[in-house]
Amino acid sequence: MGAVSIWNAIEVAESHTSDIPSSSLTIDHSLSPSDMKPRIVELCKDLFKKWSNLDESHFSVERVSGGITNLLLKVSVVEKNGNIVNITVRLYGPNTEYVINRERELQAIPYLSAAGFGAKLLGIFANGMVQSFIDARTLAPPDMREPKLAAEIAKQLRKFHQVDIPGSKEPQLWNDIFKFYGKASNLNFDDFEEQKKYETISFKEIISEIIELKELTGCLDAPVVYAHNDLLSGNLMLNDDEERLYIIDFEYGSYSYRGFDIGNHFNEYAGYDCDYSLCPNKDEQYHFFRHYLDPERPEEVSDKDLEALYIETNMYMLASHLYWALWALIQAKMSPIDFDYLGYFFLRYGEFRRQKETCFSLAKAYLSRSHTR
């Protein structure tokens with residue numbers, strides 16, 4: 001995947017969105033919103049010339065949310081006529097270029113935005129982007145279990161998967177996993193205790209697991225779609241008054257397998273604490289599948305189609321564990337954010353190992369029956 005230079009990121013944005021302004025300014029991610037304010041004001045004036053003569057008192061900055069890779073800021077601007085404009089400034093986490101292909105993200109945003117997904121891209125700068133402000137609340141993991149919301153997420157995800165992004169349609173999942181593996185298996189930690197934990201990991205075992213899983217999932221012929229690949233609660237927003245759901249943040253987006261996107265979403269029911277007892281059971285999964293496969297007539301989805309998607313999704317839930325486990329090792333080395341990434345690796349890989357036998361048995365039995373029909 002590799003790092004994408006700042007200049008290339010801006011070039012890509014301009015080539016795919018010729019009317020989107022860009023700036024070479026950077027914002028220090030570690031500062032508080034109040035300390036960031038002068039730089040944010042400078043950025044806004046650089047990107048949007050209509051605000052160039054406003055003084056700092058016309059701008060206010062507040063933190064909206066901050067995950068373990070991004071920081072979102074709400075910037076409110078009082079224009080000379082008294083009109084208030086709200087925008088979102090999204091700061092990329094430090095060193096996230098090691099795990100995120102920003103070029104791929106910037107190429108996709110205009111097409112996803114045109115299809116009604118996410119916030120509108122208003123500008124780009126050296127370590128982030130400016131987008132329209134979405135007046136909605138960010139979901140929490142328990143929200144995703146609510147049947148009405150689960151059905152709406154399924155419907156929206158189906159529409160998302162129907163968006164056509166120009167370029168190669170080759171699924172990137174296994175390419176990304178192998179790239180993560182290459183980086184994750186060649187790390188050295190300065191902290192003695194972290195290095196000691198890292199050395200307990202058998203990368204020979206992991207590469208064997210990746211190859212075995214890739215081979216078996218390949219037998220399922222899962223459809224290739226443009227996938228979000230990171231549909232956790234923090235990337236879902238809901239306007240309760242309008243009952244409108246928003247899918248946001250496409251930084252991990254790529255062409256991938258349908259089952260991976262759905263399975264990854266189901267894994268995220270567990271939250272960052274990785275309480276996998278919260279993941280949807282079979283009945284809850286079938287509820288989601290019905291609304292994904294046929295939003296207009298969910299009760300008419302056949303048992304055959306439900307079973308096929310159940311097997312596909314649960315196999316790719318295993319791939320999701322491997323993907324984020326390896327991602328976490330890279331982040332443990334590269335990210336300055338205060339999060340136990342090394343512990344997260346062991347939680348994700350541990351769950352992979354716990355679920356593997358059950359999922360493999362289900363998939364092999366299903367494939368055996370399919371071949372005898």
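Ser 23 is buried, because its relative accessibility is 2% and the cut-off for buried is under 20%. The model is predicted, and that applies to every value here. Ser 23 sits in a loop. Helix H1 (6–16) lies on one side of that loop in sequence, and helix H2 (33–47) on the other. The side chain of Ser 23 also has a polar partner. It reaches the backbone nitrogen of Leu 25 at 3.1 Å. So the picture at this site is a buried serine in a loop, with its side chain in contact with backbone.

Now step back to the whole chain. The protein has 11 helices and 10 strands. Its radius of gyration is 21 Å, close to the 21 Å that the globule rule gives for 373 residues, so the protein is as compact as a globular protein of that length. The C-alpha trace spans about 75 × 55 × 35 Å along its principal axes.

What share of the 373 residues is buried? Buried residues make up 54% of them. Ser 23 belongs to that class. Sequence separation adds another view. Take the contacts between residues at least 6 apart in sequence: 71% of these join residues at least 24 apart.

Last, the surface and the charges. The protein exposes about 16,900 Å². Carbon and sulfur atoms supply 47% of that area. There are 39 positive and 56 negative side chains. How far apart do the centres of the two sets lie? They lie 3 Å apart.

Notes: Residues numbered from 1 in each chain as written. Predicted model: local features only at pLDDT ≥ 70, side-chain atom pairs only at ≥ 80, totals over all residues. Heavy atoms only, no water. Helix = DSSP H or I, 4+ residues; strand = E, 2+ residues; numbered from the N terminus. Buried < 20%, exposed > 50% of the residue type's maximum accessible area, 1.4 Å probe, protein only. Polar contact = N/O pair within 3.5 Å; in protein donor to acceptor, adjacent residues only side chain to side chain. Rg over C-alpha atoms; globule rule 2.2 N^0.38 Å. Contact = heavy atoms within 4.5 Å. Areas by Shrake-Rupley, 256 points an atom, 1.4 Å probe, with all protein chains shown as cover. Lys, Arg positive; Asp, Glu negative; His and termini not counted. Charge placed at Lys NZ, Arg CZ, Asp CG, Glu CD.
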